[in-house]
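This report describes the chains of one complex, the contact between two of them, and the nonpolar cores. The sequence and the structure come first.

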Amino acid sequence: MIENLPFLMVALFIAIGLYAVLFKTNLIKIVMGISIIESAVNLFLIAGGYIKGGIAPIYTSAPEGESMVLPTPQALTLTAIVIGLATTALLLSFVVLIYRHYGTVDSRKIRGLRE
Amino acid sequence: MNLEGPMTKIVRVFSNAVFAFALIFGFYVVLHGHLTPGGGFQGGAIMASAVALLLIAYGADRIGKGLKKGTLSSMESLGLLGFILLAIAGIASAMNVVFGNFLLDNSLGIFSEVPPTGVNPGYLNTAGTLPWMSLFVGLEVLAGLSLIVFNMAGGLPKEVKSSRGGEVK
Amino acid sequence: MNKTIVFVAYVVFVAFLFSVAVGLRDFGEPVFDSMDQYFLNHGQSETGANNIVTSVVFDYRGFDTLGEATVLFAAVSGVFIVYRRLKK
């Protein structure tokens, strides 16, 4: 079980992020929870492409006779990180807009859509 | 402690020095994207964090006089357009695919050699259209992230009147 | 009543996550790697770059990079819309 340590850490991060999204009422803490879940998924993508005893897939002055790690998950994680950043920036802008309209960031007092 | 205007003199002097160093380092990471770890997105993020450091040290009003939002917006559009044109130009040349590497074996382009197979110390003259694409993407990421930080540093106006009646601050 | 149901569902989901994480394949033996072995063997002669990750990002999978640049552009435009409305 101790060899699968990266996958256990991914499960732990998803649990922490999900707790912040479900049980907290401050809007900024909810946005932080979403960002933690995105980081956990990026870690899972990279940990799925590791070969035991491998080095980075770059040919510039690499040590001889070693096998290389798979390069495709690393390329797709780059895209995922940038998209996560774009999502977080837009979410925080919407939180500022809600604060301007309601005067509070407590999610129990924002009930304008229900009336 | 004044949170709106510029910070103290020690912070301003050191952030000038760090800004110059971080900008040059970010450009090095973008340019050597095909030899060392890095590339367009990583170098653009380093350069944008240098601009954000300068924004914190001097305040948004002082920076807004020199670096306008229109300039950054044109830089971002230029970066994305250049990337798309390089991708479509792959059709018009000898290889008939989009994203074809048409500068590779040419005597016309600058980065146009093929490196020897296997382990080698890196040669800058290689890899066809890849450094040009890295440069355009780095320009776009620098302008985009700087615009996000710049807009958010302007923040709420001084007197915020809540739309549901009553004042906020 | 509402909060208890959510808490029970959260505990069940986290238990499921941990039971899957223990029973996955060993860390270090991926399932399919024939496509990546092709990229590692032929990447230098077909694209001319020493960095195989950059050649995958910009040459073999260039359309994903195009989509990502467009998403970044759309996000910056969205931030402009929100802060222009705030200034009025």
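In chain C, 30% of the 88 residues count as buried. The model is predicted, and the mean pLDDT of this chain is 90, with 100% of its residues at 70 or more. Chain C has four helices and zero strands, in the order α-α-α-α along the sequence. Its radius of gyration is 23 Å, whereas a compact globule of 88 residues would have one near 12 Å. Along the principal axes, the C-alpha atoms of chain C fill a box of roughly 65 × 55 × 15 Å.

Chain A can be described in the same terms. It holds three helices and zero strands, which run α-α-α from the N terminus. Buried residues make up 17% of its 115 residues. A radius of gyration near 13 Å would be expected for a compact globule of 115 residues, but that of chain A is 20 Å. The C-alpha trace of chain A spans about 70 × 35 × 20 Å along its principal axes. Of the contacts in chain A between residues at least 6 apart in sequence, 48% join residues at least 24 apart.

**Two helices**

Helix H1 of chain C covers residues 2–22. At 1.5 Å a residue, its 21 residues should span 30 Å, and the end C-alpha atoms are 31 Å apart, which agrees. H1(C) is hardly covered: one of its 21 residues is buried. Its mean pLDDT, 93, is the highest among the elements of chain C, while H2(C) has the lowest, 89.

Helix H5(B) passes the same kind of check: 36 Å is expected for its 25 residues at 1.5 Å each, and the end C-alpha atoms lie 37 Å apart, which agrees. H5(B) is mostly covered, with 20 of its 25 residues buried.

| Helix | Residues | Expected span | End C-alpha distance |
|---|---|---|---|
| H1(C) | 21 residues | 30 Å | 31 Å |
| H5(B) | 25 residues | 36 Å | 37 Å |

**Nonpolar cores**

The largest nonpolar core has 49 residues, and B:Val137, B:Val141, B:Leu142 and C:Leu72 have the most contacts inside it. Each of the following supplies at least two residues of this core: H3 (72–102) of chain A; H1 (9–31), H2 (40–58), H4 (69–92) and H5 (130–154) of chain B; and H3 (52–60) and H4 (62–87) of chain C. The largest share, 13 residues, comes from H5(B). With neighbours within four places in sequence left aside, B:Val137 is in contact with B:Gly40, B:Phe41, B:Gly44, B:Gly79, B:Phe83 and C:Ala69. There is also a second, separate core of five residues, among them A:Phe7, A:Ala11, A:Ile14 and C:Ala21.

**Contact between chains A and C**

This contact takes 39 residues from chain A and 34 residues from chain C. On the side of chain C, the elements that give two or more residues are H1, H2 (34–47), H3 and H4 of that chain. H4(C) gives the most, with 10 residues. By residue type, this side of chain C divides into 23 nonpolar, five polar and six charged residues.

**Loop residues**

A:Ser61 is found in the loop between H2 (27–47) and H3 of chain A. Although it is not a glycine, A:Ser61 has a positive phi of about 55°. Most residues other than glycine have a negative phi. A:Ser61 counts as exposed because it has 12 C-beta neighbours inside 10 Å, and the cut-off for exposed is 12 or fewer.

In chain C, the loop between H1 and H2 holds C:Gly23. This residue has 10 C-beta neighbours inside 10 Å and therefore counts as exposed. C:Gly23 and C:Asp33 are 10 residues apart in sequence, and their C-alpha atoms are 21 Å apart in space.

**Confidence**

The predictor gives the complex an ipTM of 0.86 and a pTM of 0.88. Chain B averages a pLDDT of 84, and 85% of its residues score at least 70. Confidence in chain B is highest in H1(B), at a mean of 94, and lowest in helix H3 (residues 60–66), at 85. Where pLDDT is low, the predicted coordinates should not be read in detail.

Notes
Residues numbered from 1 in each chain as written. Chains lettered and ligands numbered in written order. Predicted model: local features only at pLDDT ≥ 70, side-chain atom pairs only at ≥ 80, totals over all residues. Expected span 1.5 Å × (residues − 1). Core = buried A, V, L, I, M, F, W, Y, C linked by C-beta atoms within 7 Å. Contact = placed C-beta atoms within 7 Å. Rg over C-alpha atoms; globule rule 2.2 N^0.38 Å. Nonpolar A, V, L, I, M, F, W, Y, C, P; charged D, E, K, R; others polar. pLDDT = per-residue confidence, 0-100.
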